[in-house]
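Trainee: Could you pick one part of this model and take me through it closely? I'd like to see how its pieces fit together, with the cut-offs spelled out.

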Amino acid sequence: MRGITNNRKKDIQKVVIIGGGIGGLSAGIYAQRNGFESVILEKHHTPGGQCTGWDRKGYHIDGCIHWLTGTKEGSELRALWEEVGALDGVEIIHPESFLCFEHEGERAFIYRDLDKLQASWTDLSPQDAESIREFCDDVRLLQSFSFPVEKPRDLMSLPEKIRMLLSMKDAGAILKKYGKMTLTEFAERFSHPAIREGLSDMAPDNFNAAMIFFAIAAFTTDEASIPKGGSKSLALRMAERYTELGGVLETSCEVQELLIDGKHVRGVVCTDGRRFEPDYVIAACDAHFVYHNLLKGRYPEAAFEKRFNNPVEYPLASEILVALGYEGSVSGSVVRNAGGAFSGDAGGKAGSIGEALPWSLNYSTDPISINGREITRLTMKHFSHEPGFAPEGQTLLIYDISQFFEDFEAWDRLARDPEAYKQEKARIGQAVLRATEKRFPAMQGKLTVLDVVTPKTYERYCNAYRGAFMAFFPTVQGKMMEHSGRIRGLKNMVLSGQWVQPPGGLPTALLSGRAAIMRLCV
């Protein structure tokens, strides 16, 4: 795939890609690299889909990347991110801690240094020493695991499938051990409330506990870190790579209709009347939008419909994002730069707030009522590592509050009354601001609500079904689905993006876009 292949299908020249998110940009880049003529049709005025950011009151709000899998120097996934321009020459920020759980003044850090994590948790809670040791040993077991990137399973030969399965034996052991345990059940193994309540708050009640081990293993091996410049810059670098290769990127060009003749899509029509005639269509966008809007329910896929119709076993996660501007600095937090050195002092005074502030802090708060549910813990990220995201001497703070099925239903009802919707967003923003001031008294009078984003925002801008920012969350009851993207009844259209392979997210979008082109080259 690193150059033009001689195997690509001769009857396919023009590829129309619906969606200019990471999956669509990936498909476009590999289409151009392999001799196809491609065009990406993006609804929004800026490419990137949900990998984006926007400006408010002099601040830049990063709307996507909490961490990016594939940042480790020399890893196969890192090589692909560089190949598409996303990480080519980009500085990687390595926070010393992935997340910090706080309870009544005591803190449990998920450190990048796993030995330090184990030692610090054991000091904090000696009675949990055995559970902590087992947890860290199981994370270590996964530290050699790498995201399979060579090719999709349906294109593998039998020997290749066997080699892949053998390479994933450690991952299989963790999935077997924890795959039927919820994260809440796993958290109950720990008696210290900072560890127990913090872990429980990371995901919904029925979330598959095994997934946390994969995330922490990636973080502790530098495979999950933060690209300098944030989400929007990453997407724009990929868009630049695509156009440099000769691809055509049409923005503000929402696809409205597919013209289907027999088993072929003959035309792609946009809301502004423009029409594109493809040899092949790659739908790199929301799966529900594809099956129910573009295909009008005429080409149903049982595996997806089963999941769409069962939000308990296959929940879709959205969020409320609350962005605050702080008129001060928190520069004492610790990050490691590309040269391997740490800056800041984890135990000292941080900027103007009088205490060291980890990059991401989960703390308890007075209850905030949202859609009939009491929120008692909040997670705050600060962006002191991105001075360009705020006016000089100031800092961007972002809170993410998880939202699920019932929450979207409530927001959907509320949005029918624009004034009520606006007032509820403002109420939540002020509630989070007050919680921040209570936790950090030095911030009183120095905070401003910059923006409040709801699941309806993601639906409106990205056609995201129920505001989902990822595919189906892995639960103990649900079965993870790996899909080829082929649409039964159509010969020249496939689905791509994070929906076709667990666990979703940006790496899956990258790989699925590449895989869609691979299938045209065999």
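Mentor: Happy to; we'll begin with one helix and follow its neighbours outward. This is a predicted model, so local features need pLDDT of at least 70 and side-chain atom pairs count only at pLDDT 80 or more, while totals for chains, interfaces and linings use all residues. Residues are numbered from 1 along each chain as its sequence is written, and side-chain values use heavy atoms, with hydrogens and water left out.

Our starting point is helix α13, residues 405-414. Helices (H or I, at least four residues) and strands (E, at least two) are DSSP runs, numbered from the N terminus. Which residues of α13 are buried? They are D407, F408, A410 and W411. Buried here means under 20% relative accessible area, exposed means over 50%, and partly exposed is in between (1.4 Å probe, protein chains only). These four sit on the same side of α13, because they cover an arc of only 160° around the axis; the arc is that of the directions from the helix axis to the C-beta atoms.

What do they pack against? The partners of the buried residues of α13 are the strands β15 (318-326), β18 (360-370), β19 (373-382) and β20 (395-403), together with the helices α14 (418-439) and α15 (455-462). Contact means heavy atoms within 4.5 Å.

Let's look at the loops that join some of those strands. N371 lies between β18 and β19. Its phi is near 55°, a positive value in a residue other than glycine, and N371 is partly exposed, with a relative accessible area of 29%. Moving along, H385 is found in the loop between β19 and β20. Unlike N371, which is partly exposed, H385 is buried, at 9% relative accessible area. Leaving aside neighbours within four places in sequence, H385 is in contact with I93, I226, K228 and W359.

Now follow α15, one of the partners of α13, to the second largest pocket. A pocket, on a 1 Å grid over the protein atoms alone, is an open set of points where a 1.4 Å probe fits, with protein on both sides within 12 Å along at least five of seven lines; lining residues have an atom within 4 Å of a point. The second largest pocket holds about 450 Å³ of space, where grid points are joined across faces, edges and corners and the volume is the space filled by probe spheres set on the points. Its lining has 21 residues, and H44, W54, R56, T457 and Y461 lie nearest its centre. The largest share of that lining, five residues, comes from α15, while β3 (53-56), β21 (447-453) and α15 each supply at least two residues. By type, the lining divides into six nonpolar, eight polar and seven charged residues. For that split, Ala, Val, Leu, Ile, Met, Phe, Trp, Tyr, Cys and Pro count as nonpolar, Asp, Glu, Lys and Arg as charged, and the others, Gly among them, as polar. In the loop between α15 and β22 (493-495) you'll find N463, which has a positive phi of about 55° although it is not a glycine.

For a reference point elsewhere in the chain, take helix α9. The C-alpha atom of A210 is separated by 30 Å from that of H385, 175 residues apart along the chain. Helix α9 (residues 210-219) packs with helix α6 (residues 169-178) at an angle of about 145°, their axes 8 Å apart. Axes are lines fitted to C-alpha atoms, for helices over the stretch in contact, and angles run from 0 to 180 degrees between N-to-C directions. A171, I174, L175 and Y178 of α6 meet A210, M211, F213 and F214 of α9, and the residues of this contact divide into eight nonpolar, no polar and no charged.

A218 also lies in α9 and counts as buried at 13% relative accessibility. Apart from residues up to four places away in sequence, A218 touches E223 and A224. Measuring back to our loop in the model, A218 and N371 are 34 Å apart, C-alpha to C-alpha, and 153 residues apart in sequence.
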